[in-house]
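Open the model in a viewer and keep the sequence panel in view. The stops below give a selection to make and then say what is found there.

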Amino acid sequence: MKTDLTDTTASKINKALVLGRRAIGTPAVGMVLTLVIVTDEENAYDALKAASDAAHEHPSRTLVVIKRVSRSPRDRTRSRLDAEVRLGADAGTGETIVLRLYGDVVDHAQSVVLPLLLPDAPVVVWWPVNAPLDPAKDPLGALAQRRVTDTYACEEPIRELAARADAYAPGDTDLSWTRITPWRSMLAAALDQVDCEVQSVEVEGEEFNPSCELLAMWLADRLDVPVRRTVSGGPGLTAVRMDTDCGPVVLDRADGSLANLSIQGQPSRAVALKRRETAELIAEELRRLDPDDTYASALRYGVDRLNESAKGDRVGEEDALAVAAPVGTVAKAPAKDAAREKTPVRKAAAK
């Protein structure tokens with residue numbers, strides 16, 4: 001059932017929800033949370049589809065907040081709220097309200113959303129694109145227990161990670177972090193199978209991929225070992241190689257679907273490590289609404305700290321090369337240094 005409301009108010013939307021539930025014969029509200037999606041018109045369809053698929057696992061009231069751009073000065077001074085109320089088959093297992101904001105009301109979206117939140121139920125706010133620099137201080141983010149962003153959708157994702165670390169508040173999370181959950185689980189399980197000490201790690205993946213950087217920071221933070229970040233053609237993360245005192249442990253995924261896990265002294269095995277859809281990522285985030293301390297620790301390790309450690313590693317390598325180089329090759333060292341500085345491979349050392 002779908003109801004269109006033009007130039008409406010929050011009270012009229014609530015009335016339409018009650019009438020709609022009675023019309024389809026489900027007067028009781030069985031939702032477990034309110035999911036607020038803040039997006040633009042271009043990305044609204046994909047975000048709503050992902051939320052509808054996730055609602056099969058987490059029945060929720062989904063509020064889609066679309067801030068429309070007013071072209072003329074006159075339109076910018078005229079506030080208007082249009083809404084679509086979807087129930088039953090049109091909303092899957094939950095309730096969906098699409099809110100389109102025009103004019104001055106765009107800057108006061110929280111006043112529209114607040115009366116539509118489910119009482120005594122947690123609130124999750126998700127920005128598929130154009131997330132604020134400080135989600136916890138955003139007027140809509142302040143209403144939520146969980147704030148979901150996605151640095152992969154940013155123009156400069158690595159710089160965005162640094163901004164997220166500076167502005168982190170309990171309840172913040174990132175879909176780029178959620179994407180590496182299977183990798184973290186598989187690597188932890190692999191290390192549980194061996195009684196070895198990890199000496200160094202290499203993380204290989206696409207350039208400017210925040211998931212690769214987060215995995216490298218997590219490994220450096222938890223293992224306290226040097227972590228080297230190398231670039232591949234993707235898709236996404238392609239390999240993690242851990243050097244231990246009893247042989248290498250390698251998790252290699254070249255095709256984005258099936259990975260190969262090899263441990264010294266054990267037969268290689270194939271493991272499913274498929275790249276997941278957005279609906280699966282959102283469903284995972286909705287399972288736990290408490291603060292993610294592991295994500296906070298990895299994020300605060302910092303991309304800048306990794307870069308500074310990489311510079312320290314390069315200086316150490318140059319000193320070692322200068323000591324080991326024959327006298328006749330010392331004069332060529334500046335040319336080698338210049339070539340090395342152009343290399344896109346970045347190294348990261350642990351704290």
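**Stop 1: the partners of strand β6**

Select Val36 and Val125: in β6, Val125 is the bridge partner of Val36. Bear in mind throughout that this is a predicted model. Add Leu35 to the selection, and Val124 of β6 is found opposite Leu35. Now extend to the whole of strand β2, residues 33-39, which runs parallel to β6 and is joined to β6 by four bridges.

Turn next to strand β7, residues 146-149, which pairs with β6 in the parallel sense over three bridges. Here Arg147 of β7 stands opposite Val125.

Show the side chains of β6, residues 123-126. Which of them point the same way as Val123? Val125 does, while Val124 and Trp126 point the other way. All of these residues are buried.

**Stop 2: the whole sheet**

Zoom out and select the strands in the order β1-β4-β5-β3-β2-β6-β7-β8. They form an open sheet of eight strands with mixed pairing. At its edges are β1 (2-5) and β8 (172-174), each of which pairs on one side only. From one strand to the next, the twist averages 15°.

Keep the sheet displayed and add helix α9, residues 278-287. Helix α9 lies across β2, β6, β7 and β8, and runs at about 145° to β6.

**Stop 3: helix α8 and its two contacts**

Select helix α8 (residues 210-223) together with helix α5 (residues 157-166). How far apart are the axes of this pair, and at what angle do the helices pack? The axes are 9 Å apart and the angle is about 50°, so α5 and α8 are oblique to each other. Their crossing is right-handed. Display the side chains in the contact: Pro157, Ile158 and Leu161 come from α5, and Pro210, Glu213, Leu214 and Met217 from α8. By type, the residues of this contact are six nonpolar, no polar and one charged.

Hide α5 and bring in helix α10, residues 293-301. The axes of α8 and α10 come within 8 Å and cross at roughly 95°; α8 and α10 are therefore roughly perpendicular to each other. On the α8 side, select Leu214, Met217, Trp218, Ala220 and Asp221. These meet Thr294, Tyr295, Ser297, Ala298, Leu299 and Tyr301 in α10. The residues of this contact divide into eight nonpolar, two polar and one charged. Leu214 and Met217 are listed in the contact with α5 and also in the contact with α10.

**Stop 4: Val249**

Finish at Val249, in strand β12 (residues 247-252). Is Val249 buried or exposed? Its relative accessibility is 2%, so Val249 counts as buried.

Select what surrounds Val249, leaving aside neighbours within four places in sequence. The contacts of Val249 are then Ala190, Val240, Arg241, Met242, Thr244, Leu261, Ser262 and Ile263. For a last distance check, pick the C-alpha atoms of Val249 and Gln264. These two residues are 15 residues apart in sequence, and their C-alpha atoms are 6.6 Å apart in space.

Technical notes
Residues are numbered from 1 along each chain as its sequence is written. This is a predicted model: local features need pLDDT of at least 70, side-chain atom pairs count only at pLDDT 80 or more; totals for chains, interfaces and linings use all residues. Side-chain values use heavy atoms; hydrogens and water are left out. Axes are lines fitted to C-alpha atoms, for helices over the stretch in contact, and angles run from 0 to 180 degrees between N-to-C directions. Angles under 35 degrees count as roughly parallel, over 145 as roughly antiparallel, 65 to 115 as roughly perpendicular and the rest as oblique. A crossing is left-handed if the near helix is turned anticlockwise from the far one by less than a right angle, and right-handed if clockwise. Contact means heavy atoms within 4.5 Å. Ala, Val, Leu, Ile, Met, Phe, Trp, Tyr, Cys and Pro count as nonpolar, Asp, Glu, Lys and Arg as charged, and the others, Gly among them, as polar. Buried means under 20% relative accessible area, exposed over 50%, partly exposed in between (1.4 Å probe, protein chains only). Two strands pair if DSSP finds at least two bridges between them.
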